[in-house]
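Trainee: I would like to learn how to read the features of a protein model, one after another. Could you take me through an example?

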Amino acid sequence: MNKTIINDLDVKSKKILMRVDFNVPINDGVVGDDNRIVAALPSIKYVIENGGKAVLFSHLGRIKSEDDKEGLSLRPVAEKLADLLGKPVTFVPVTEGSQLEKAINDMEDGQVLLVQNTRYEDVVNGEEVKRESKNDKALGEYWASLGDAFVNDAFGTAHRSHASNVGIATAMEANNKPVAAGYLMEKEIEFLGNAVDNPEKPFVAILGGAKVSDKIGVIDHLLGKADKIIIGGGMTYTFYAAQGINIGNSLVEEDKIDVAKEILEKGKDQIILPVDSVVAEKFSNDVEEKTVEGAIPDGYMALDIGPKSVETFEDVLKDAKTVVWNGPMGVFEMPKFAKGTLAIGKFLGDLDAITIVGGGDSTAAVKELGVSDKLTHISTGGGASLEYLEGKELPGIASLSDK
Ligand code: ADP
Ligand code: MG
């Protein structure tokens, strides 16, 4: 990687500002799923075990008014983090001012401090000013002035230009202070980056999910990269419609039928569509389902790929050396329509290939269905991984120092 990474930093006795992703569910003041906190531990430990001071920043939820603040304090996260680290974590309940500055200056080597939710800066004196979310320059400069180096370990926000990622990074670099990727960020760039730009071939992409419109950018970019593109999920039926195949009441984006036609033309040697579907009369798990080949009968909607599609897809996937998967094959939230997604997930788990899953619902699907453990990499960033797969430059990555 041509970007500076955390291992390149000399952290001893330095104040290391670190952007982490602690945007975790909190219920009644208690952290629910702590996966994201656990995922940030390696970078935090690197700093403190090498005698540095770790000053952590994260956003939590969205703040639109003063009333939102209390429920979105990071205090419960500080408590959880202290448990996980087995050592105290200083929580500073504000995002700027003398209380924060003093707390940082009082830190000893090896200590950890968590700053209040960066989005508190989105509302100042009752007014929604979005200092954090609109990357207010002065705010980034202020935060940057509090430390000696910056580590960005929040891949999930890398597609956004906020003060706590791009703002701090830009100000740090302007002062010739290093900006490095944390371990999580490094892993994401390595896996997603290599998969897309330098894949071991054959490279097969599996694209599903609800809408063609969400995925046009990804399909377009990957058409130039992948040997085959498998399409499943709800967007299948816009492609069916583009070919004049009956789709019954299945999901369709009428205004994307032309785009689908163009994609089918451009990718005629690459794109593989489902040959059968599991259909039902209602969008519900409590209806009788059946499998049909090709066209969807009137009065029915297609909610999953069928077993012949699974076979077809497996035949394409069996020789692949790199697979990128975004978008479930069916309405996996309902057990009756989760079978296609489950089958593909299991098959990928046993495949001798680099297998990468990106996308919010896709990640949730492979975890819920219990097939995530055997995959090579599950991206932590939903929107960020999609933009990466579209070939966009992510501001959070672009703002890391070059090696
Ligand atoms: P990701 O968040 O991984 O990018 P998407 O948001 O594009 O994925 O798609 C996920 C959603 O697509 C899921 O909620 C799933 O229920 C829905 N979906 C998949 N197949 C179908 C289908 N045949 N009809 C309607 N919705 C579908
Ligand atoms: Mg989604």
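Mentor: We shall go from the domains to the pocket, and then to single helices and residues. Please keep in mind throughout that this is a predicted model.

Trainee: Which domains does the assignment give?

Mentor: The domain assignment of the protein gives domain 1, covering residues 6-186, and domain 2, covering residues 199-389. The centres of the two domains, taken over C-alpha atoms, are separated by 36 Å, and six residues of domain 1 are in contact with nine residues of domain 2.

Trainee: Where does the largest pocket lie with respect to the two domains?

Mentor: Here one looks at which parts of the chain supply the lining. Both domain 1 and domain 2 give residues to the lining of the largest pocket, so the pocket lies between them. About 700 Å³ of space lies in this pocket, and 31 residues line it, with Asn35, Arg36, Lys367, Ser379 and Thr380 nearest its centre. The elements that give two or more residues to this lining are α1 (35-49), α7 (183-197), α13 (360-368) and β19 (377-378), and α1 gives the most, with five residues.

Trainee: How many of the lining residues are nonpolar, polar and charged?

Mentor: The lining of the largest pocket divides into eleven nonpolar, 13 polar and seven charged residues.

Trainee: Which residues of helix α12 are buried?

Mentor: In α12, which spans residues 339-349, the buried residues are Gly340, Thr341, Ile344, Gly345, Leu348 and Gly349. One can then ask what lies over them, and the covering elements include the strands β11 (203-207), β16 (301-305), β17 (322-326) and β18 (354-357), together with the helices α11 (307-317) and α13.

Trainee: Is Ala302, as a single residue in a strand, buried or exposed?

Mentor: A residue counts as buried when its relative accessible area is under 20%. Ala302, which has its place in strand β16, has a relative accessible area of 9% and is therefore buried. Leaving aside its neighbours within four places in sequence, Ala302 is in contact with Tyr237, Ser250, Ser277, Val278, Val279 and Ile296.

Trainee: Why does Ser399 count as buried?

Mentor: The same cut-off of under 20% applies, and Ser399 counts as buried because its relative accessibility is 11%. Ser399 is found in the segment after α15 (395-398), where its side chain reaches the backbone oxygen of Gly396 at 3.3 Å. Beyond the neighbours within four places in sequence, Ser399 is in contact with Val166, Ala169, Glu173 and Val179.

Trainee: What should I look for in the backbone itself?

Mentor: The general idea is that most residues other than glycine have a negative phi, and that most peptide bonds are trans. With that in mind, one can look for the exceptions. Ser13, although it is not a glycine, has a positive phi of about 60°, and its place is in the segment before β1 (15-19). Asn135, in the loop between β8 (127-128) and α5 (137-144), also has a positive phi, near 55°.

Trainee: How accessible are Ser13 and Asn135?

Mentor: Ser13 counts as partly exposed, at 37% relative accessibility, and Asn135 likewise counts as partly exposed, at 23%.

Trainee: Which residues are joined by a cis peptide bond?

Mentor: A cis peptide bond joins Lys201 and Pro202, with omega at about -5°, and Pro202 lies in the loop between α7 and β11.

Conventions:
Residues numbered from 1 in each chain as written. Chains lettered and ligands numbered in written order. Predicted model: local features only at pLDDT ≥ 70, side-chain atom pairs only at ≥ 80, totals over all residues. Heavy atoms only, no water. Helix = DSSP H or I, 4+ residues; strand = E, 2+ residues; numbered from the N terminus. Buried < 20%, exposed > 50% of the residue type's maximum accessible area, 1.4 Å probe, protein only. Polar contact = N/O pair within 3.5 Å; in protein donor to acceptor, adjacent residues only side chain to side chain. Contact = heavy atoms within 4.5 Å. 1 Å grid on protein atoms, 1.4 Å probe; cavity = no way out; pocket = protein on both sides within 12 Å on 5 of 7 lines; lining within 4 Å. Points joined across faces, edges and corners; volume = space filled by probe spheres on them. Nonpolar A, V, L, I, M, F, W, Y, C, P; charged D, E, K, R; others polar. Domains from an automatic or database assignment.
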